[in-house]
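Here are a few exercises to work through with the model open beside you. Try each task before reading its solution.

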Amino acid sequence: MARKFVCAFCVSLLFAIAAAGCGISGRFTKEEPLHNGILQDDNDFIVVGYSQIGSESDWRSANTQSFKETLTPQNGYYLLYEDAQQKQENQLKSVRNFILQEVDYIVLDPVVESGWDTVLAEAKDAGIPVIIVDRQVVVEDDSLYTCWVGSNFQKQGERAGEWLAAYLESQGRPDNVNIVTVQGTVGSTAQIGRTKGFRKVLSKHRGWKMLDSQSGEFTQAKGQEVMKYFLDTYDDIDVVVSENDNMTFGAVEAIEASGKTCGPDGEMIVISFDAVQTALQFMADGRINADFECNPLLGPLVRDIIERLQKGETVEKYQFVEEQYFDSSMDLEEILKNRVY
Ligand code: GYE
């Protein structure tokens, strides 16, 4: 299925490098597609160009791994993987390279929502279906991409707000709290949705005051920096909403370094998003209160979409994944035993 260009040279070269590195030799089947460094029959492979945002978080690593484990030669795929290091300009370059290489499908996880119209129109003109994953794009013409699969970020934010309201009540605490938000990459769907969802609940509580919101770019180092600034600036923070786990790790470190405490027995309530293993461990250790899951395992869903498209079937334009939440009242040791990311 792969088109002429990518295959002959790049793919065989990359396989040759991989084969040399693994010490593979002899005759290759579809499972081992090389013979003397030459791809046997590139028509056997569906070539997917995958433009990933970066490697800024544990969530992102689990997401990348999910694609790399699923779109394998054994499953009939050749994956061209590009890490954009959180820069849209890098993603635009990757997508254009995929178009030049005449890949069969493009999978795009867009760092921010805007600025994709031109490049997606180029993909459409080249006849290459684009599957958007995780974050979304906002374009004038929705037919520029085939479909999207990912999380309902606004729902995550709303659930976080509702959890806070119920928690304050269960603790007999007054509905009178000062909140700060460590936001994700501004303009990304994960930031927009989580912020909007939480603010929707906030607007219903007169006693909730949002003291400040600043971006920690979804990274631990920036999360720590932003939290340190909040702690230096405000001495009456009751609740920290951190829009992903890695920023939360940094924020908790900043809180503890300042001599303050957080978590169910601490002075500050900490709410996080993603629910990766390390965060649930933080929760089990009493350092954060609640975490709203974001499922990174999108590889198999995209494989399913591609397989349906290959058969000429139509796919739903938007597919949301199922998610739950965790808080410190749960049996976290038990949950951690089965947690895969
Ligand atoms: O929450 C964060 C990551 O887009 C859902 O990006 C994703 C977010 C996730 O870096 O950890």
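## Exercise 1: A β-α-β unit

Strand β3, helix α2 (residues 58–70) and strand β4 together form a right-handed β-α-β unit. Keep in mind that this is a predicted model.

**Task.** Work out how β3 is covered and which strands pair with β3.

**Solution.**

Step 1. Find β3 at residues 46–52 and look at its cover: seven of its seven residues are buried. Buried here means a relative accessible area under 20%.

Step 2. Now sort these residues by face. I46, V48, Y50 and Q52 lie on one side, V47, G49 and S51 lie on the other, and all of them are buried.

Step 3. Turn to the neighbours. β4 (residues 77–83) runs parallel to β3 and is joined to it by seven bridges. A good place to check this is V48, which stands opposite L79 in β4.

Step 4. Strand β5 (residues 105–108) is also a parallel partner of β3, with four bridges between them. Here G49 has I106 as its bridge partner.

## Exercise 2: The parallel sheet

**Task.** In what order do the strands of the sheet with β4, β3 and β5 lie, and which strands stand at its edges?

**Solution.**

Step 1. Recall the general rule: strands of a sheet pair through backbone hydrogen bonds, in either a parallel or an antiparallel way.

Step 2. Write down the order. This open sheet has six strands, β4-β3-β5-β6-β7-β13, and its pairing is parallel.

Step 3. Look at the ends of that order. β4 and β13 (318–320) are the edge strands; each has a single partner strand, so one side of each lacks a neighbour in the sheet.

Step 4. Add the twist: ignoring direction, neighbouring strands of this sheet are turned by 20° against each other on average.

Step 5. Follow one more pair inside the sheet. β5 and β6 run parallel and are joined by three bridges; I106 has V130 as its bridge partner in β6.

Step 6. Place the helices. α2 packs on the sheet, where it touches β3, β4, β5 and β6, and its direction makes about 175° with that of β3. Helix α10 (residues 299–310) lies across β3, β4, β5, β6, β7 (147–150) and β13, at about 160° to β6.

## Exercise 3: The two sides of a helix

**Task.** Which residues of helix α4 (residues 117–125) are buried, and why do they fall on the same side?

**Solution.**

Step 1. List the buried residues of α4: V119, L120 and A123.

Step 2. Check their directions around the axis. The three cover an arc of only 95°, which puts them on the same side of α4.

Step 3. Look at the other side of α4, where T118 and D125 are exposed.

Step 4. Ask what the buried residues meet: they pack against α3 (88–100), β5 and β6 (130–133).

Step 5. Move past the end of the helix. G127 follows α4 and has a positive phi, near 75°.

## Exercise 4: The mixed sheet

**Task.** What is the strand order in the six-stranded sheet with mixed pairing, and which helix packs on it?

**Solution.**

Step 1. This open sheet has the order β9-β8-β10-β11-β12-β14.

Step 2. Its edges are β9 (208–215) and β14 (325–327), each with a single partner strand, so one side of each has no neighbour in the sheet. From one strand to the next, the twist averages 15°.

Step 3. Examine one pair. β10 (residues 239–242) and β11 (residues 269–274) pair in the parallel sense over three bridges, and V241 has I271 as its bridge partner in β11.

Step 4. Place the helix. α8 (residues 245–257) packs on the sheet and touches β8 (177–183), β10, β11 and β12 (290–293), with its direction at about 155° to that of β11.

## Exercise 5: Positive phi outside glycine

**Task.** Where do Q85 and E217 lie, and are they buried or exposed?

**Solution.**

Step 1. Start from the general expectation: most residues other than glycine have a negative phi.

Step 2. Q85 is not a glycine, yet its phi is positive, about 50°. Q85 lies in the loop between β4 and α3 and is exposed, with a relative accessible area of 56%.

Step 3. E217, also not a glycine, has a positive phi of about 55°. E217 sits in the loop between β9 and α7 (220–233) and is partly exposed, at a relative accessible area of 32%.

Notes:
Residues numbered from 1 in each chain as written. Predicted model: local features only at pLDDT ≥ 70, side-chain atom pairs only at ≥ 80, totals over all residues. Heavy atoms only, no water. Buried < 20%, exposed > 50% of the residue type's maximum accessible area, 1.4 Å probe, protein only. Helix = DSSP H or I, 4+ residues; strand = E, 2+ residues; numbered from the N terminus. Pairing = 2+ DSSP bridges. Right-handed = clockwise from strand over helix to strand, strands pointing away. Arc of directions from axis to C-beta. Contact = heavy atoms within 4.5 Å. Axes fitted to C-alpha atoms, helices over the stretch in contact; angles between N-to-C directions.
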